Each structure stands twice: as structure tokens, then as C-alpha cells.
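This report is meant for someone meeting the structure for the first time. It turns to charged pairs, then to the fold, and ends with the pockets.

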Amino acid sequence: MKKLCFMFCLVAYQLSAQISVFKTNYSLELDPIAYMLKGYSFHGILQPSPRISFDVGIFGIEEPEGFSGNEGFTIQQRGFGIKANYHFQEGTTRGLYTGFNIGYATTDATHKASLATANGNNITVGAQLGYRFFLSKPKDGIQKGLYIVPWFSYGYVINTKEVVFSNLAYDNSNWLFFPTVHFGYRF
């Protein structure tokens with residue numbers, strides 16, 4: 001029993017020593033594609049442990065015509081989201097990561113020919129996969145500075161208020177595939 005207690009204390013000490021070495025870090029990211037689509041995107045990232053990070057962001061875009069399967073409409077999306085990510089390279093946000101996300105968005109749709117408008121709201125729950133490339137080498141073993149992140153998300157859309165036009169067909173899809181690229185800076 002004493003040996004078991006000693007081994008437990010030794011393992012707990014080793015784990016706490018490894019965790020205490022890690023320093024929480026922060027990053028900021030922008031999505032340039034959102035800005036090209038007459039919108040915006042801003043994300044704050046907190047990495048409190050060697051393999052886990054959290055992302056809170058706001059966004060807005062004007063969808064390219066037909067992106068959501070609705071030809072003849074101008075569609076604007078605005079919202080916010082939260083992500084939790086697991087990083088395969090311990091202690092850095094560099095490299096491959098995956099995680100889960102949840103977001104809330106409002107949709108404003110305008111039929112181009114008739115100028116009829118409708119709006120809706122949705123919650124999206126999904127998963128993402130990405131890879132973070134830093135533009136500089138680590139300094140003293142710590143990766144900081146500018147980086148690029150190509151990533152995609154696939155999620156289920158829960159329409160809390162569907163976009164409905166009285167005399168027009170409009171598809172409120174239940175699935176969302178979202179590929180993009182972020183530029184960021186890790187402090």
C-alpha cells in the first residue's frame with residue numbers, strides 16, 4: 001500500500017510539474033475571405049493547456065450567389081461562435097488540430113428580382129479540422145508571431161427561425177460545409 005501511495009504521489013508530482021511549465025497563451029485571428037465578401041471576422045484564442053485551445057469569434061459575410069443553393073438571392077449572415085480545439089502537437093497551436101464548434105447566426109435574404117426580404121436565425125453545431133502554419137521559427141522553444149490557418153467546418157444547422165418567402169422557394173439547409181483561411185498572430 002505504501003508503494004502504491006508513493007507511486008501515485010510521484011506520478012501526480014510529475015504531471016503537476018509538466019502542467020506548471022506550460023504558460024497560457026493568446027492569439028488573434030482574422031478571416032480575409034470574410035472581408036472580401038463584404039463582411040468581417042475577428043477571433044480571440046486562449047490556449048490554457050498544452051493541447052487545448054478555445055476560440056471566440058464574430059463574423060459577417062455576404063454569401064456568393066448560390067453558395068447555400070439559393071440562386072437569385074442576396075444573403076447576408078452575421079453571428080458569433082465558440083470553438084474548442086485539440087492540438088496534436090503538445091504545447092503549441094502549430095500543426096494539425098481538430099475540435100467542436102457551436103455558433104449562432106442571423107440571415108437576411110433579399111430576392112434580387114422582386115426585392116422581397118425575409119430573415120431567420122440558426123444555431124450550428126459541428127466539427128472542424130485545420131492546420132496552423134507559422135511564418136517564423138520558434139524562439140527559445142516557443143512559437144509566436146504571424147501564422148496562416150486553412151481550416152474547414154462541417155455542421156448541423158438548427159433553424160430556430162427559418163427564412164420564409166410567401167411566394168418564393170428558399171432552401172433552409174440543415175447542413176453547412178464551411179472552408180476558409182485565417183491569418184493570425186500568437187502573442
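A salt bridge is counted where a side-chain nitrogen of Lys or Arg lies within 4 Å of a carboxyl oxygen of Asp or Glu. In this predicted model, the side chains of K83 and D55 satisfy that condition, with a distance of 3.8 Å from N to O. The two residues belong to distant parts of the chain, K83 to strand β4 and D55 to strand β3, and they are 28 residues apart. Buried means under 20% relative accessible area, so K83 counts as buried at 11%, and D55, at 5%, counts as buried too.

The structure holds 6 salt bridges, and three of them are set out here.

| Salt bridge | N to O distance | Separation in sequence |
|---|---|---|
| K83 and D55 | 3.8 Å | 28 residues |
| E65 and K112 | 2.6 Å | 47 residues |
| R78 and D108 | 2.8 Å | 30 residues |

E65 lies in the loop between β3 and β4, while K112 lies in the loop between β5 and β6, so their salt bridge ties together parts that are 47 residues apart in sequence. E65 is partly exposed, at 41% relative accessibility, and K112 is partly exposed as well, at 42%. The salt bridge between R78 and D108 links strand β4, which holds R78, to strand β5, which holds D108. Here R78 is partly exposed, with a relative accessible area of 34%, and D108 counts as partly exposed at 25%.

As for the fold, 8 strands close into a barrel in the order β1-β2-β3-β4-β5-β6-β7-β8, with antiparallel pairing, and from one strand to the next the twist averages 25°. Strands β7 and β8 pair in the antiparallel sense over 12 bridges, and P150 stands opposite V181, a residue of β8.

The largest pocket has a volume of about 940 Å³; it is lined by 48 residues, of which F59, Q77, T124, L176 and F178 are the closest to its centre. Several elements each supply at least two residues of this lining, among them α2 (32-36), β2 (40-47) and β3 (52-62), but the largest share, 7 residues, comes from β8. By class, the lining of the largest pocket divides into 22 nonpolar, 21 polar and 5 charged residues.

The second largest pocket holds about 290 Å³ of space, and of the 16 residues that line it, K23, N25, G91, I142 and R186 are the closest to its centre. The lining of this second largest pocket has 5 nonpolar, 6 polar and 5 charged residues.

Terms used
Residues are numbered from 1 along each chain as its sequence is written. This is a predicted model: local features need pLDDT of at least 70, side-chain atom pairs count only at pLDDT 80 or more; totals for chains, interfaces and linings use all residues. Side-chain values use heavy atoms; hydrogens and water are left out. On a 1 Å grid over the protein atoms alone, a cavity is a set of points where a 1.4 Å probe fits but cannot get out, and a pocket is an open set with protein on both sides within 12 Å along at least five of seven lines; lining residues have an atom within 4 Å of a point. Grid points are joined across faces, edges and corners, and a volume is the space filled by probe spheres set on the points. Helices (H or I, at least four residues) and strands (E, at least two) are DSSP runs, numbered from the N terminus. Ala, Val, Leu, Ile, Met, Phe, Trp, Tyr, Cys and Pro count as nonpolar, Asp, Glu, Lys and Arg as charged, and the others, Gly among them, as polar. Two strands pair if DSSP finds at least two bridges between them. Axes are lines fitted to C-alpha atoms, for helices over the stretch in contact, and angles run from 0 to 180 degrees between N-to-C directions. Buried means under 20% relative accessible area, exposed over 50%, partly exposed in between (1.4 Å probe, protein chains only).
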